[in-house]
Amino acid sequence: MRVGKRIAAAALAACLLAASLTGCGAGGGASTGGGEYQSVNLAMAVNGTDTQIDSLVANYFADLVMERSGGAVVVDVFPNDTLAGGNATKGIEYIAVGGSDLGAYATSVLANLEPKMSVATIPWSFTSYQQAREVIDTTGGAYYAELLAAKGITYLGSFHNGFRQLTNSKRPVTKPEDMQGLKIRVPGSAVYMNTFDALGANPTAMSWSEVFTAIQQGTIDGQENGCSITKSAKMDEIQKYMTIWNYSYENDLFLVNTKIWESLDENTQALIQACATEACNWGRDKLEADEAALIQGFRDVGMQVDELTEEQLAAFQEKVSGVIAELKETYGQEACAAFGL
């Protein structure tokens, strides 16, 4: 029997949303099929395109579980939030109620369910990918798991979405004054909105699917994202300037609906958890290895790429120091302590 809902799950959107994260839930259980693992078919939702890191990790995971379960566990990956009509916020709501079984979403999107999910995106929380790995794989991941459990979601792991960099079409940005008046697309999280406000820019919350056209039309001047997403979204084709400043670390969390998770036997859970952990670490390694080549590639196609020095970064950090203090107070001592802030 299938546990996962497929494309048809989108037709249940009204029911799922009306349920306010407590209603319809997922379909029936799974059969054991007489093998070592349950015979299940799971739907995994991701927000990115086929070439973005969330889709790559999800497909790597799907291949692992298919191979190691001998075909008993099948995971169908749906990029671009197909199951939720392209809406990432609805996508995470669907996981919470069981409209999708599995998912991988950025913490800035998950903040729509629980604002404290964005705590690790506070500017300059991490100085390296290695530091982010170590913190999230210990106290940080445990904190995510606690928050998500209250929403009907089980946490299986984390992988890099990348340190967020800035691109724009107007001018180089190497000092805070250069930000003045720039219209920059940011996720709707208070972290990003307040940071860019403090720097004198005009932050604009906008669906990611609209950004390319908005830049082409001059509605906005630029965007901020990890290098891999900047490349896969072809921002290098329409943006002249890039600032490497590692101002905020963003990660994607690997998730499963808790009712679906609890319907699986221990062997199948152990398999899925092991494959999710391996896929997350594969994604981390890939993003780290690819980043230097991506930055050089931006230069090769004619972008001006400014990698800020510690002295240059200090001016930006001073400018947003008040925002950082306010955010830490808002998120609270427990949240900040979980990430060493």
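I began with helix H6 (residues 190-198) and helix H12 (residues 321-331), which in this predicted model pack at an angle of about 160° with their axes 10 Å apart. Since angles over 145 degrees count as roughly antiparallel, I entered H6 as roughly antiparallel to H12. For the handedness of this pair, I noted that the crossing of H6 and H12 is right-handed. On the H6 side I listed Val191, Asn194, Thr195 and Ala198 as making the contact, and on the H12 side Val323, Leu327 and Tyr331. Sorting the contact of H6 with H12 by class, I found five nonpolar and two polar residues, with no charged residues.

I then turned to helix H10 (residues 266-300) and looked up how helix H5 (residues 129-149) lies against it: their axes come within 12 Å and cross at roughly 165°. H5 and H10 are therefore roughly antiparallel to each other, and H5 passes H10 in a right-handed crossing. From H5, the contact draws on Tyr129, Arg133, Ile136 and Asp137, while H10 supplies Asn281, Arg284, Asp285, Leu287, Glu288 and Glu291. By class, I wrote down six charged residues for the contact of H5 with H10, together with three nonpolar and one polar.

Staying with H10, I checked helix H2 (residues 53-68), whose axis and that of H10 come within 9 Å and cross at roughly 140°. I recorded H2 and H10 as oblique to each other, and their crossing as right-handed. From H2 I noted Ile53, Leu56, Val57, Tyr60, Phe61, Leu64, Val65 and Arg68 in the contact, and from H10 I noted residues including Leu271, Ile272, Cys275, Trp282, Lys286 and Leu287. The class count for the contact of H2 with H10 came to 15 nonpolar, one polar and three charged residues. Leu287 of H10 is thus entered twice in my notes, being listed in the contact with H5 and also in the contact with H2.

Last, I looked for open space in the model and noted that the largest pocket has a volume of about 1,000 Å³. I counted 46 residues lining the largest pocket, and among these Asn47, Ala88, Val109, Arg185 and Trp208 lie nearest its centre. Dividing the lining of the largest pocket by class, I entered 21 nonpolar, 20 polar and five charged residues.

Technical notes:
Residues numbered from 1 in each chain as written. Predicted model: local features only at pLDDT ≥ 70, side-chain atom pairs only at ≥ 80, totals over all residues. Heavy atoms only, no water. 1 Å grid on protein atoms, 1.4 Å probe; cavity = no way out; pocket = protein on both sides within 12 Å on 5 of 7 lines; lining within 4 Å. Points joined across faces, edges and corners; volume = space filled by probe spheres on them. Nonpolar A, V, L, I, M, F, W, Y, C, P; charged D, E, K, R; others polar. Axes fitted to C-alpha atoms, helices over the stretch in contact; angles between N-to-C directions. Helix = DSSP H or I, 4+ residues; strand = E, 2+ residues; numbered from the N terminus. Parallel < 35°, antiparallel > 145°, perpendicular 65-115°, else oblique. Left-handed = near helix turned anticlockwise from the far one by under 90°. Contact = heavy atoms within 4.5 Å.
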